[in-house]
Every structure is written in structure tokens, then in C-alpha cells.
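Student: I have the sequence and the model open side by side. Can we go through them together?

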Amino acid sequence: MSLWFTEKQTSSFGITAKVNRTLESENTDFQQLDMVETQEFGNMLLLDGMVMTTEKDEFVYHEMIAHVPLFTHPSPKNVLVVGGGDGGTIREVLKHSSVEKVTQVEIDGKVVEYSKKHLPHISCEYGNPRVELIIGDGFEHIIKSENRYDIILVDSTEPVGPAAGLFTKGFYAGIAKALKKDGIFVAQTDNPWFKADLIKNAIQDTKEIFPIARLYTCNIPTYPSGMWTFTMGSKVYDPLKVSIDKIFDINGKYYTPELHYASFVLPKFLQSLCK
Ligand code: SAM
């Protein structure tokens, strides 16, 4: 008898993966956490039944959420990551030697604990002296921060449960306040096939708060629809005006200097969401 995990991405569509074994399953104080070993994508972290990250395709998301903003800013020193419990985003941020400190605010310590245990290549930078891990609510942290960060990355779950407040205009306004006068923020803003309204609202809110607001995309096979978006708000620096000779090799597997610009080229149906 074979075991399969299915994520219902909508009420009538989903993806399914053959599972060798379940490594962890716990109802934490915030969400249902499962870690399963899949045949195709290796170990897979699930929160409330949604794929968060897998050993095989994690690099796409983590490289793209980090390097596009960090190469857009001329000298990012102080970075905040909201969420990101698997550790992949801070791993990529730390590839930038200009970064003096990464503060990560993750609401659920169990995500960190089980990522350290079962996702060693993703969670490998926990314990780095440049990292301060705070187990707490990112929303609260943003509200009490002012003029503090060069870069803020919102690597949260979908806007349900503990992450519900992380996709509101008030939160984005709080981010603007927490950023320095030339700061940049990027939030993961889900997929255009099943969450078009979320993207439309996120980019519209960002446009009303930041002088530069852009959407960029990448392809993640285990995420809903396989097409993923990030919304960027920037107070001064335009990602499309970065000089290519400022982009060094990050020794990754997805992000390239050419892709830094190309990821902002949107298909027509996505352009209409950004109008
Ligand atoms: N890459 C994934 C995606 O795009 O859906 C996100 C991965 S990461 C595991 C998401 C993290 O956000 C989880 O560890 C979750 O506990 C955390 N999170 C959710 N709401 C939060 C909040 N209000 N403050 C801090 N962390 C939060």
C-alpha cells in the first residue's frame, strides 16, 4: 500500500506526492506541522496542510526572495525576516557580506526546531553570529520598529491563521515606518492563478505607500499553480536600474544577473493585476 500526500490548492484542484514516511506531525500552538519524506522532492515541510518548502526545490524561492532586494539596495546592512522558520531566507541573505545583522522574527519555534532536524541544508545558518532569532509575532515586531531596517522580507505563510495580519495595508504601512529612508521590502504574495485578488491588493497597497512598487515572479513546482510572485516596495532604489556589474555570483542554482531583471517581465494577465 503506498502513501500519498495531497495539498488541495483550491476546493477542486491540488497536487499529490508519494510519501515514504512521516517524520514529524504535531499540532503546535499556531498550526498543524507535518514533515514528510517524499520520493520526488525529499523532505517536505507542511503547515496546515500546505507545502512550505522541500529539499529539492527550496532554492528557487529562497534565492529570489533574498537576492533581488539585496542587490537592489547599494549597501544592505540591517535586514529583518518575518517568518522564514525553515531558515532558507536567512541562508541566502547572509551571502551578502555587507549584511551586518539579520533579525528573524518567527512566531512558531517548532518550525525552527523541526527544520534544524530534518532540513539541514536549509536551516544551516541558525547559530550564525550575524543572526538574531526572535520567536514572536512579526506584526508586533514591525509595529514597535521605526527607521531601523535597510531590507524587510516577509516570508510568511498564506494570509490565514497567524499570518492573517501580514497582508494588510496597515502592515505594509508599518513596514514603511520600520524601514530606513532608503529601505526596501519584499513580501511573498502567492500565485496569480488562485490568489489574483491577494496580489492585486498587495501591489495596490504597496503603490499607495512606496514610490516604487513592482511585482516579480519565479517558478516553484511544489507551490500552488507552480507560478509564484513577490511584491516589492522601495523608497528610493529601483530594481530595474541596478547595474549588472554590481551583481556578484551568489553560488546558487536559480538567481542570475539576467534573471534579476527578467523576473519583472510579466505575462499580460499578470500585468493587468498591477494596473
Ligand atoms: N515559503 C513559504 C510560503 O511562501 O508560503 C513560507 C515558509 S515559512 C515556513 C512561513 C513561516 O511564517 C512559518 O514558519 C510560520 O510559522 C511563520 N509565520 C506565520 N505568521 C507569522 C507571524 N505573524 N509572525 C512571524 N512568523 C509567522
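What follows is a chat about strands, salt bridges and surface patches in this predicted model.

Student: Let's start at the beginning of the chain. How many residues does the hairpin use to join β1 to β2?

Tutor: Strand β1 covers residues 3–10, and β2 covers residues 13–27. The two run antiparallel, joined by 7 bridges, and T10 has F13 as its bridge partner in β2. The number of residues through which the hairpin joins β1 to β2 is 2.

Student: And β2 pairs with β3 as well, so to speak. Which residue in β3 stands opposite V19?

Tutor: β3 is residues 32–38, and β2 pairs with β3 in the antiparallel sense over 7 bridges. These two strands also form a hairpin, with 4 residues between them. Opposite V19, in β3, stands T38.

Student: F13 caught my eye on the surface. What is the area of the nonpolar patch made by F13, W193, F194 and F269?

Tutor: F13 sits in strand β2. At 47% relative accessibility, F13 counts as partly exposed. Together with W193, F194 and F269, F13 makes a nonpolar surface patch of about 420 Å².

Student: Now strand β6. Is β6 largely enclosed or open?

Tutor: β6 takes in residues 78–83. A residue counts as buried under 20% relative accessible area, and 6 of the 6 residues in β6 are buried. The rest of the structure therefore leaves β6 largely enclosed.

Student: What is the bridge partner of V82 in β7?

Tutor: β7 is residues 101–106, and β6 pairs with β7 in the parallel sense. That pairing runs over 5 bridges. For V82, the bridge partner in β7 is V105.

Student: On to salt bridges. How far apart in sequence are the parts tied together by E132 and K101?

Tutor: A search of the whole structure finds 15 salt bridges, and E132 with K101 is a salt bridge whose closest N and O atoms are 2.7 Å apart. E132 lies in strand β8 (residues 131–135) and K101 in strand β7, so the pair ties together parts that are 31 residues apart in sequence.

Student: Are E132 and K101 buried, exposed or partly exposed?

Tutor: Buried means under 20% and exposed means over 50%, with partly exposed in between. E132 has a relative accessible area of 31%, and K101 comes in at 34%. So E132 is partly exposed, and K101 is also partly exposed.

Student: Next, D190. Is D190 buried or exposed?

Tutor: D190 lies in the loop between β10 (179–188) and α6, and its phi is near 60°, a positive value in a residue other than glycine. D190 meets K195 in a salt bridge (3.7 Å, N to O), and K195 is partly exposed at 27%. With a relative accessible area of 1%, D190 is buried.

Student: Which residue forms a salt bridge with D238?

Tutor: D238 is buried at 12% relative accessibility. The closest N and O atoms of this salt bridge are 2.9 Å apart, and the partner of D238 is R214. The pair links distant parts of the chain, 24 residues apart: D238 is in the loop between β12 (227–234) and α7 (257–262), and strand β11 (residues 212–219) holds R214.

Student: Where is N147, the residue with phi near 50°?

Tutor: That phi is a positive value in a residue other than glycine. N147 is partly exposed, with 49% relative accessibility. Its place is in the loop between α4 (138–143) and β9 (149–155).

Student: Which residues gather in a patch of positive charge on the surface?

Tutor: One of them is K207, in helix α6 (residues 196–209). K207 is partly exposed, with a relative accessible area of 36%. The full set is K200, K207, K268 and K275.

Student: Last one. How far apart in space are E258 and P129?

Tutor: E258 is in helix α7 and counts as exposed at 52% relative accessibility. E258 and P129 are 129 residues apart in sequence. In space, C-alpha to C-alpha, the distance is 32 Å.

Key. Residues numbered from 1 in each chain as written. Predicted model: local features only at pLDDT ≥ 70, side-chain atom pairs only at ≥ 80, totals over all residues. Heavy atoms only, no water. Patch = residues over 30% accessible without salt bridge, like charges linked within 9 Å, V, L, I, M, F, W, Y side chains within 5 Å. Areas by Shrake-Rupley, 256 points an atom, 1.4 Å probe, with all protein chains shown as cover. Salt bridge = Lys/Arg side-chain N within 4 Å of Asp/Glu carboxyl O. Lys, Arg positive; Asp, Glu negative; His and termini not counted. Charge placed at Lys NZ, Arg CZ, Asp CG, Glu CD. Buried < 20%, exposed > 50% of the residue type's maximum accessible area, 1.4 Å probe, protein only. Pairing = 2+ DSSP bridges.
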